[in-house]
Amino acid sequence: MKYAFPDNFWWGSASSALQTEGTREGETTWDYWFAREPNRFHNGVGPQHTSTFYQHWKTDIQLLKQLNHNSFRTSISWARLIPDGIGEVNPDAVDFYNQVIDELNEQGITPFITLFHFDMPMAMQEIGGWENRDVVDAYARYAQICFELFGDRVLHWFTFNEPIVPVEGGYLYDFHYPNVVDFRRAATVAYHTVLAHAKAVQAYRAGHYAGEIGIVLNLTPSYPRSQNPADVKAAHVADLMFNRSFLDPVLRGEYPADLVALLKSYDQLPACKPEDGFLIAEGKIDLLGINYYQPRRVKCRDSAVNPQSPFMPEWFFDSYEMPGRKMNPYRGWEIYAPGIYDILINLRDNYGNPRCFISENGMGVENEQRFIENGQINDQYRIDFISEHLTWLHKGISEECNCLGYHMWTFIDNWSWCNAYKNRYGFIQLDLETQQRTIKKSGEWFAATALNNSFDKE
């Protein structure tokens with residue numbers, strides 16, 4: 001069967017500054033943490049060893065063109081552009097980003113630019129990071145500088161990539177710096193991130209730029225184990241905390257009342273100012289990027305909460321391991337393609353069918369070298385993964401969901417936070433020793449799909 005997509009559909013991939021560019025002038029939290037605890041990073045590989053986009057941007061953009069991308073998302077590094085977060089703009093960074101943006105446009109590849117992709121300048125973290133409202137103001141200034149420098153040629157802006165992840169990683173589950181486990185501080189970080197987002201949107205609107213502004217959220221549909229009211233309630237709370245805590249403010253301009261009530265009853269609400277509500281209402285977006293990797297399956301708790309334990313989301317639900325679920329064993333994540341459809345239907349039915357696109361979807365696999373045939377990685381499993389998700393995406397579009405494109409994570413195998421190069425995600429294989437790039441079978445498949453704006457599937 002042939003699956004054809006709407007005209008002008010965005011075909012492309014996504015990456016980030018910190019994961020591709022390599023060493024920068026300004027120190028980030030990642031540089032700082034790696035220098036102190038390299039043992040927390042897979043094989044002791046830190047953020048200085050990335051896929052050398054800073055050196056190879058021109059030839060990499062040629063590869064994007066070879067893959068028939070008409071769009072590409074990457075990020076600007078706040079720490080590269082303004083090394084101390086608040087001071088002088090680094091002219092070398094301006095030159096670099098200008099060259100990248102101009103080359104993308106020249107090659108017919110529309111740049112999608114994210115302002116913050118987990119890379120807090122260490123100078124900003126030292127004064128509290130997102131816990132400090134001064135950092136919110138510093139970010140708003142940084143955003144405005146980016147709009148002024150590049151806004152004439154970048155027409156698709158995103159304030160944050162997956163803003164829930166620094167909250168989870170840095171303040172709840174100890175997988176990002178600053179390795180804090182404290183729900184109230186996590187809630188403050190999440191809240192201030194929404195304020196920072198809204199201030200950037202405000203600045204963009206005030207500048208009357210020609211493009212549009214949005215945010216990229218990783219949405220994890222919450223499925224209850226059963227329709228038992230206790231399981232349904234557990235899934236509802238998980239959805240409130242992990243999806244709607246960002247989805248509602250950016251699409252509706254306000255927080256869900258039941259989330260506020262829940263956190264208030266446990267004394268976990270962040271400090272608010274009277275004018276915050278107006279600011280959040282101003283932060284409504286033009287375009288939503290959706291990162292989808294896995295569903296969240298939950299059930300009601302089987303055991304009582306230890307009252308001495310830290311307050312956590314898991315006070316309200318347990319994870320549920322559904323029998324027979326399909327897994328990516330390398331990442332430990334469930335593969336569930338219908339989730340992409342369920343997200344789109346939820347947005348259509350409950351959020352006014354906003355303009356959106358799939359900004360990330362992908363499959364990380366360990367030791368892909370074992371699949372080399374005639375000098376090329378035969379990653380048929382990735383082609384199967386993408387085509388299955390695109391089939392469900394196509395179904396959503398056929399039912400009038402306003403989804404405008406599909407970006408894969410990622411373009412070239414890149415460095416991935418604490419996992420370094422353990423799992424590879426790229427359309428293009430990266431040889432770490434030589435930095436040579438080789439297109440995988442999935443890259444050829446995607447290039448054909450983008451060229452034809454369609455694919456065939458039995």
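In this predicted model, the largest cavity holds about 140 Å³ of space. It is lined by 14 residues, with Thr29, Met120, Gln125, Pro166 and Tyr177 closest to its centre. The lining of this cavity comprises 10 nonpolar and 4 polar residues, and no charged ones. Helices α2 (29–36) and α8 each contribute at least two of the lining residues. The largest share, 3 residues, comes from α8. Across the whole structure, the search returned 6 cavities of 30 Å³ or more.

The largest pocket has a volume of about 1200 Å³. Its lining counts 43 residues. Nearest the centre of the pocket lie Glu168, Phe175, Gln294, Arg331 and Trp333. Two or more lining residues come from each of α8 (164–171), β9 (296–299) and β12 (333–334). By class, the lining of the largest pocket divides into 19 nonpolar, 13 polar and 11 charged residues. Helix α8 thus appears in the lining of the largest pocket and in that of the largest cavity.

Helix α3 departs from a straight course. It spans residues 53–66, 14 in number, yet its end C-alpha atoms are only 17 Å apart. A straight helix would reach 20 Å at 1.5 Å a residue. A bend of about 45° is found at Thr59 in α3. Buried positions in this helix are Phe53, Trp57, Asp60, Ile61, Leu63 and Leu64. The buried residues of α3 pack against two helices, α1 (17–20) and α5 (91–106), and against strands β2 (10–14), β3 (71–75), β19 (428–430) and β20 (437–439). Just after α3, Asn68 adopts a positive phi of about 60°.

How values were computed. Residues numbered from 1 in each chain as written. Predicted model: local features only at pLDDT ≥ 70, side-chain atom pairs only at ≥ 80, totals over all residues. Heavy atoms only, no water. 1 Å grid on protein atoms, 1.4 Å probe; cavity = no way out; pocket = protein on both sides within 12 Å on 5 of 7 lines; lining within 4 Å. Points joined across faces, edges and corners; volume = space filled by probe spheres on them. Helix = DSSP H or I, 4+ residues; strand = E, 2+ residues; numbered from the N terminus. Nonpolar A, V, L, I, M, F, W, Y, C, P; charged D, E, K, R; others polar. Expected span 1.5 Å × (residues − 1). Bend = angle between axes of the 7 residues up to and from the residue. Buried < 20%, exposed > 50% of the residue type's maximum accessible area, 1.4 Å probe, protein only. Contact = heavy atoms within 4.5 Å.
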